Each structure stands twice: as C-alpha cells, then as structure tokens.
Amino acid sequence: MTRIGRRASRPVREPAELEQIPVWAPPDDADGQQAPDGTAGLLAGLNAEQRRAVTHGDGPLLVVAGAGTGKTQVITRRIAWLIATRRARPSQILALTFTDKAAEEMQARVDQLVPYGYTDTAVSTFHAFGDRLIREFALELGLPPDTRVLSRPETVIFMRERLFEFELDQYRPLGEPTRFLGALATLFSRCKDEDVSPERYVRHAMELGTALASGEPHDPDHPLSETDERLAAAENARRQLELARAYARYQELLGRAGLIDFGDQVSLALRLLRESASARQEIQHRFRYVLVDEFQDTNRAQAELVELIAAHHGNVTVVGDDDQSIYKFRGAAISNILDFRRRHPRARQIILRRNYRSRAPILDASYRLIRFNDPDRLEFRNGIDKRLRPERTGGERPVRQIAFATGSEEADWIAREISDRIGKGARAREFAILVRANSDADPVLRSLNMASVPWRFSGTSGLYARPEIRLLLAFLRSVADLSSSVDVYALAASDVYGLGGPDLTAIVNTARRRNRSLWEIVEELTRQPGLLRLAPDTRASLERLVADLRRYSEIAHEKPAGEVLYEFLRGSGLLARLASAQSVSAEEALQNVARFFDIVRAQSDLLPDDRVIFVARHLQTLIDAGDDPATAEIDSEADAVAVLTVHKAKGLEFPVVFMVGLVDGRFPARTRREQLALPVELVDEALPEGDPHVQEERRLFYVGMTRARDELVLTYAADYGGRRARRASQFVLEALDVPAIGAGVAATDTAEAATAVAASEGAASGAASPPSPAAAGARSPLERLTSFEPAASPAEPGREPVEGPLSLSFYQVDDYLTCPLKYKYVHVLRVPIAPHHSIVYGSALHQAVQEFHRRQARGYVMSEDELIAAFERAWSNEGFLTREHEEARLAAGRAALRRFREGQLLPEAVVPAYVEKDFTFSLDGDRIRGRMDRVDVERLAVDSADPTALPDTPTPALQADTTTPTLPGLHPERVTITDYKSSDVRDPVRARERARDSLQLQIYAMAYQAETGRLPDALQLWFLESGLVGRVEVEEKKLEKARESIRRAAKGIRARQFGASPDYIACGYCAFRDICPASAAR
DNA sequence: GTGTAGGTACTACAC
DNA sequence: GTACCTACAC
C-alpha cells in the first residue's frame, strides 16, 4: 500500500463543517472497476465476509475473526471506509487496542490507507484514551491538571511509604510488614478491572458480616460442622472488610496526593461518563464510531467504557475471537464477546472463516483441540460455524509430536534440526520456538548457542539480574553507604578489583571479629599495612579500591548519581572494555548499561535530590517493589530464531513453529490461586461449565498452534530434572487425536528419540508411537540431576579438604543445607550483614524470657515492669521500616511478654530445670554445639506417666509429686525441651508442623541424650507472640533423618564444596541475594 | 478412607 | 514458605 495525498494544511474542522469536506477518492481497484462511492481500492483483495464487515453501515457489529483471517485488515479498512464514505470525519472515529505496539501498527496501516491530514483518528490503547479523557476533564474529576500515573512498582512503594496509614492487621504481619503489598496492589488493580468501587467492596464485606449475624441455616451437607463453618465465615468477613477498607484508604491516599494508577486510567474515565452528564454527552457526540480490537481480551471496565461511549448511537464494531482469549488473569472477561449479541440484539454478526496463514493439518489439529472447550465457546453457544478454511493449500506436512528422554535432548534436537535446515538454505527468522513460561527457554537458548544458531529471546524482565547491572548497583549502594559490607565485598570481589582467595577471606573475617564494617578494615589496612599479612597484588588492589571509594564518595556529595556512575564506568575501565570487545554479549552488556542509565536518570528526576545516597536507596526500593525491566535486545530485525512465550507470540506468525516442554504441569500450567482473590460475588462473569483454568490454557495452546504457517512440531520430554517422570500434555493428545499413552513417554536415548521422529513423520496423523519407558533399575538421569550430591559441585580451588573434626552449630548445618554458598558467605567469609528487624525483635524477646527464667530459678518472680524493662534494654532500633513499625513491634513484644509472664504464674506452671543450656556432642567425630533455650524435668504421678496423655498446652496441667516411687522401666519424670520462637504462628496445626520439621529440636534431643544417657520425652517450639506451642514426641526415625542431614552438611563443609543451590524462596530471604551471582530471587 | 511423607512449582503481560 | 498432588501405610 502506498501513501496517497498530502498533508492537509487546514486545521481540524468543527462538526458543522463536515459537509464541506472534499471527497477524498481512494485508488481504484486493480481491475479498473470503480465502486459508486469511490471506495473500490479500499475493498480490493478482500473476501466477501471481510467486505461485508468493512462496509457495514450503522449499528453494532460483531466480527468473529479467527486466527489468520485478516482481522487487522478489516479494522483498518473499515476506518478508511468510514472516512472515505464520509460517514465520519477521522476525529470522530475511536479505535481501541490493548498494547502500544498494536496501536502503533494499526495507526501505520491506517496512515497508508488514508491521506495525510485525514488521519487524526484516535487509534490508541484503552489506557492512553482514558488518560486523555481524565486530563481533559480533570476539573470534573477533582484531579490536579498535572496528575502523575504510578506504575505498579511505584504503587507498591506508595503504599509502603504509608503502610501505617492503613488499618491492617492480618495483611500487615509485623515480622514482614510489606509481605502483602504486592498482592494488595494486584487486588486493587483487579477491582478496577472488574469495575468494583471501594464503596461496593466495603458494602459487600459488610453484608458478609450481617449475613453471619442474621444466621443463615446450616447446610447439613457442608463438610464443616456448624460451629466451624460459622467461624470460617466470620473470619472471611473480617478479612474481606480489612481488604475493602484498605482499598478505600488506598484510593483516598492516592487522591490526596493527586496521583492515579494504571487502573484509574480506565476506571476514572468510566466514572466521568457515568457521573457527568455534560461530559458524557460531549464524548458520545465526539465519537460517532467506536472500534475495538481483540475484544475477547477486554475486561469488564473496558467493555463498560465502550458501551457508554456508543450508547447514544450504537455504532460499535468489536472484533475478536473467543478462542483466543488468554488474559483472564488480568481481568479479560470472555463473556464480553460471548454476550455481545445478548446485549445488542440488533447486532450484526460476521464470521471470518478464510484462513490465509496456516496449512490444513495445522488448522485441523488446532480445531480438534479447541473443540474440547465446548460448550463454553461462541461457536457452540450461538450455533455458528467458525471453523477455519485453509486458503493456502498444497505442500502440507503433518503436525508432528516428538518425545525425548530429557529436556536437554529435546533442546539439542531442535537446535540441530534448525541448524541443519539453515545449512540447507532456510533462514533463521523462519523458525519460532514457543515456550509456556520464560524460564522454559533457558535450555533451548543454551542448545541454540551450542549449535551456533542465532536467536532472539523476548523476555520481559531481567535487567537488574544481569551481572553488569548488579555490579553497578553494588557500586551505587557502596557509595551511598560505605558500611554496607555486602556491597563493598561484591565490589572488591568483582573483576574491577579482582580481590579474592585467602587474603579477602582474612580481611572479611577481621572485620567480623572486630565487629567493624568491611570498609573500616580495608581503609585501616591502607593506613596500617602491618595489620594483616597480605600478598603485594592484594595490597595494590586494596589501595585502588579504597582510593576509588573515597574519591567517588567525595564527588557523590556534589554531583548527581548518574554522573558518579558514569565516572565509575569510565574510571574502572569497564566502559572501554565493553566498548572494544567485539562480542555480541559485550554489545548487549553495553546496551543494558545504557538502559540502566536511562532508569537512573528517570528516577533521579522524580526525587527531590538526585545524589547517590538518595538515588541508590530509591532504586533498591523500586527493585524490592518488583520493578524488573527487560534486558536490551540487539537488533530486533536480525535474522534469528525467535524464542518467545506463547503470550508474546499472539498476533505473530512463522513458517515453522516448535512448541516445547509440552508436559502436564507445564502446559497446561498447574492452577495457582491468587494470593488475594477478589470475591467471586463481585466478579460479574458467568462461570463456564468446564474447568476455567484448563480452558484458558487450551486457548493459549490454540494460539500457539495457529502461529504456524507451514509446519508445527510439538515436543516434550519425560525428564526435566525432577524426580518423577513427566507425562505428555493432554493438549498434545487432544490436538493429534491419539489415545493417552500415560507415563514413561520418553525414549531412553537420542537414537530412540530419532526413531520416534521417523515414526511421527510416517504417520498420517503425525502421532508418534509411544517410545519405551526409561530403563528400570539403573540410576535414572532424574535421580542424578536432583539428588543432593556434594560431589556435584567442585571443591574450592586451591583448598584441601578440612582435616580433623569440625565444630558445627545448628545454624551452620541449616545454612549449609539451605545453600552451600550462603554458608560460605556467612560462616567462612563472615561478611558482616546489617541486622534484620526480626533478629532484633527475636533476640530482645529471648533475652527478656531468659532473664525471667534465671531469676525464677533463684526463687524470684520478675514484675511486669522489670520484664518489659529487660526487653527494652535488649532492644536495638536497627532494621525497622519506619518508626511506626518499630513502635508496633515493641508493643507486640510487650504484650507477648505480659501473656508469657501470666502463664508462668499459674499454679500448674513448670519451673524449667535448665535455661540457656550449652551443649556439645559428637557425631561421626564432628562436634555439634549449641544452646537449648529451656529444659523442663517434671516428676510424674504414676498414673500420669503416659506421655501421650498430656495436653498440648505450654503449661501442662500436671501435679509435681515428690512422693511417687520410681518404677523400673518407666521414666518417673518427663523431659521436655523447648525452643522459644518469635515468628508469627497463629495456627496450632502450623505450630505442630513447624515442630515436626524442626532439625533444631532433633539436635537438642541428641544433645540431651549424649549428656544424660536418655532421650527427652517431648520437643516443642513455643511461639511467644501467640502463646501457641507445637509439640512432637521423640522418634528414632526422625533422629536418624536428622543425623543424616548433619552428615550431609558436614561432608560438604569438610570438602569445601560451596556451590550455590539457588532456590526461589530461599534466595528471596537471603541477605546476599543482591550480590549473589547465583541468586534465583526475581 | 485418613494421615503422613515426599515431591514440585512458584506463570503469562500491559497499561 | 506453602499449597497442592501422589504414593503409600494403616
């Protein structure tokens, strides 16, 4: 399509001038036929249905446009047609899309069809459109004219800064007050998607409470008893009210600050149309035609907005395909499209069936698959036929499924296959590899690298995780706070200074031993070289590190953060190194650095002060709030294999598509409940008859399949590193119409995988014959990959295994088992870390309780004031989020101690036999040491000697009976070991589970046995905040498991194996996550 | 059937 | 940490 006409010099006209607009004649049809209204060119090349859709006159129109049917053509040509036939001036047309990218593309196409000067049609995203309305009518909405829009991470920071202005209890645990902020932000955003106002949410929550009070009759079939059901309902009502009020407060605080969030861009526009009659009239009058792309992905609020704008004239065209609705998780209401005709009985419906993209076998398989979503499909519900008819015929290849033994074989095979075909003349850009989740791409990318196949991966995050950016962040944090040893350590150990080995260990250990920060020690070392014996090159690097940090700290007071950062990049030689390296990775790193600079600049602009100390802190808060931009992508036009998620692939097409990792649990992904879900009563969406999650996953699979033009390959493996063999995705079976082949689908080696390929290619349906299950007996790759094998990670280079006995505390064992690298940071390198508020709180509580017990042993009962004074003496104000947070924790601690003291004053309370009891015992020649909080030794009455008869309370109702004679074979006393916990456990079941799984308690049991020759009877965790106690009996089986864990840790520590074992959760809580090269956090 | 232990995954994307 | 599933014991 070529551009025609020239930009009109005339200004935009008022509606009254409409009739004077000169008729713009589009180019004629190629065959010379001219339509009477001069629009033939616009209709050229369209099929009959498309033409009908484009030339639909007034009134509602639903265009059901399946994959590859020319949907965008229809919308853009319809816009051009409406203009060309003078049904509307360009500015009277509103076209709405979801993404900026889609809006841009559509605008470009409209520009090609309509001459310059006529293209002031509003092609924009819902959000951009809403934003424009909000600003135009800011006065009506009571907003300042310069309202700023907060991104999601920014809303989290906004709430964090005002955390104690919310009335929260359940959703602001003091041990981790920010824990639910992300979930709250999601919930509030979902409310806006679903057009639920704070008032409505609060009303709903109140009604839950009233319904409870008025007493609904108990359903005898309900699984819970009447009492339990009432309790659960009351708890739910309470929580919902807490959430609803938090939502109302959030809106109130935003309003007060003159800010809005993304959700508001639509919901406020909606409110404007609802509440201001004049604004409504004006807007309805302004837009005579409304067109919506991807209508199946609109949420409730967006659909409502469209309805209101078009309510007056009903000129609304929606284009979509219910089978491609894949954004339910962000509010897409498939009922919008399913119910369109019910809401608009006069609506015309046009179905586009001709598919210009895919060959017949691909369409057949896709259709077979999607039919499994019946009856919850438009086709079934409205009794229509929307099966796609292939326009591209000939040269068909069957859809293939290929099974592999392992994920790496799967990835290798694909890489080799693509590489071979490129060798035979294919272009890399003809291939796409679709994954369900971004993380599924890693093995594929590795294999493509190995096969030297160029690729581009469109991840949407990961910038801050890049090593070059982590280094810059560590630098900024170091300069902002020289006492941050973790960051100074990361900087020292980086390539820039190259420190390491025993010298660095010695330096760090000195810092820890002398209770000083790493910076203080390195700084002292340059002034007093005699402090430690160090290698000359270590000394030189240290001098440089200290001089640099001094210099940068100095200029950081004068210059903005961006300049300091640039100085570092230049001064350290990093910039030169990256710029001169001729590798793709260096180029990428450079671009990532550039991107990071943009962020530093943009965020600096928002702050009242743009110097490092403020910018560094702000950036960290932003990262903690979940900000995670994409990494740089070099040359998106390059000839490379596209590796992308199915979501990202929507709207694209490729000659050859591989869908990988197609196993149960990955695709379909397993269902996960939202952390805080909007109550179903507030969601105005009819439930489908089938499983909504599986249906959405099936639609996603359908979208993936229909990206393929000529060839589609579905692959999966039995072994993705887990212990269990994986089963093929049900979707593969549905699409290819093969019976389920159950577990053990994988071939045992690549030769067999190749057989599977051959079998697939021969079969008409493209189905593979099920390969034989993995050979039994021998250790499977599954086991080899996942079993914890210290030998798997190499010992520290240049270090001999530790000779002689180790001395280990429980914390050392526990840290090693969590992650060997964490063990190294904490116990070998001993990098000093800033105290966490939970540690401050826990240790103050402990100290107060222990003092109470010590005095108690001497016959003195501390008064409440004395106990609390002891608590406050042990307090330190480090690590708390805010002053309010610290106050809240202090108050919680005082309350816990009062409760604790009262329990101890009851007549049946037990006076502990030992407190703070140190121990050491030997296990396989290693020394295990530690300290027990509390040991109780109770004399038992004979008839109470059955320990299982004891109640689960912290103060067992037992009478000490000194006259009871000792019976042979029976312990006349009952020994209980207690560990006090300050963590927030409010559920007795949880308390017991925690005790059951506690390695610490098992170690205490062993220690007691080693010292006294007998095992204790019970072990318990005492949660001071709730007063709950989780208790377990001692069992040999558990003890042996605990010994096994200790041995495993000891073996690894002895061999100096400190390879990281990154874990999603453990990394998230690790103090070293910001500097750890292996961190899996975020 | 019920309880326990062990294994697994902690999305997808955008304004 | 935790929700959920499966296998297995009783």
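**Exercise 1. Determine which side chains reach phosphate oxygens of DNA strand C, and describe the surroundings of that strand.**

Step 1. In this predicted model, an N or O atom in the side chain of Arg673 is 3.1 Å from a phosphate oxygen of DNA strand C. This satisfies the criterion for a polar contact, a pair of N or O atoms within 3.5 Å; within protein, one must be able to donate a hydrogen and the other to accept it, and residues adjacent in sequence count only if both atoms are side-chain atoms.

Step 2. Arg990 places a polar side-chain atom 3.0 Å from a phosphate oxygen of DNA strand C.

Step 3. The residues around DNA strand C are Arg179, Arg670, Arg673, Arg990 and Ile1065, where a residue is near a strand if one of its heavy atoms lies within 4 Å of it. By class, this surface has 1 nonpolar, no polar and 4 charged residues. For this division, Ala, Val, Leu, Ile, Met, Phe, Trp, Tyr, Cys and Pro count as nonpolar, Asp, Glu, Lys and Arg as charged, and the others, Gly among them, as polar.

Step 4. Sugar or phosphate holds 23% of the atoms of DNA strand C within 4 Å of the protein, and the rest belong to bases.

The following conventions apply throughout. Residues are numbered from 1 along each chain as its sequence is written, and chains are lettered from A and ligands numbered from 1 in the order in which they are written. The model is predicted, local features need pLDDT of at least 70, side-chain atom pairs count only at pLDDT 80 or more, and totals for chains, interfaces and linings use all residues, while side-chain values use heavy atoms, with hydrogens and water left out.

**Exercise 2. Describe the surface near DNA strand B and the polar side-chain atoms that approach the strand.**

Step 1. There are 27 residues around DNA strand B, of which Thr645, Arg723, Arg724, Arg726 and Tyr1064 come nearest. Of the strand's atoms that come within 4 Å of the protein, 63% are in sugar and phosphate.

Step 2. The surface near DNA strand B divides into 7 nonpolar, 9 polar and 11 charged residues. Helices α11 (262-275) and α29 (646-649) each supply at least two of its residues; helices (H or I, at least four residues) and strands (E, at least two) are DSSP runs, numbered from the N terminus.

Step 3. A base oxygen of DNA strand B lies 3.1 Å from a polar side-chain atom of Arg330. For Arg436, an N or O atom of the side chain is 3.2 Å from a sugar or linking oxygen of this strand. Thr460 has a polar side-chain atom 3.5 Å from a phosphate oxygen of the strand.

**Exercise 3. Place Glu697 in the chain and trace its link to Arg436.**

Step 1. Glu697 belongs to helix α30 (residues 692-705).

Step 2. Its relative accessibility is 3%, so Glu697 counts as buried. Buried means under 20% relative accessible area, exposed over 50%, and partly exposed in between (1.4 Å probe, protein chains only).

Step 3. Not counting residues up to four places away in sequence, Glu697 touches Arg436, Phe667, Pro668, Ala669 and Phe731; contact means heavy atoms within 4.5 Å.

Step 4. The side chains of Glu697 and Arg436 are joined by a polar contact of 2.8 Å. Arg436 also has a side-chain N or O atom 3.2 Å from a sugar or linking oxygen of DNA strand B.

**Exercise 4. Is His837 buried or exposed, and which residues does it touch?**

Step 1. His837 lies in helix α36 (residues 837-857).

Step 2. With 4% relative accessibility, His837 is buried.

Step 3. Beyond four places in sequence, its contacts include Leu174, Gly175, Glu176 and Pro177, as well as Glu878, Gly879, Phe880 and Leu881.

**Exercise 5. Describe the nonpolar cores and the surroundings of Ile507.**

Step 1. The largest nonpolar core has 101 residues, and those with the most contacts inside it include Tyr201, Phe475, Ile507 and Tyr825. A nonpolar core is a set of buried Ala, Val, Leu, Ile, Met, Phe, Trp, Tyr and Cys residues joined through side-chain atoms within 4.5 Å.

Step 2. Apart from this core lies another, of 44 residues, among them Ile134, Phe137, Val149 and Leu338.

Step 3. Leaving aside neighbours within four places in sequence, Ile507 is in contact with Leu518, Ile521, Val522, Leu525, Leu532, Leu534 and Leu542.

Step 4. Of the 1082 residues of chain A, 51% count as buried.
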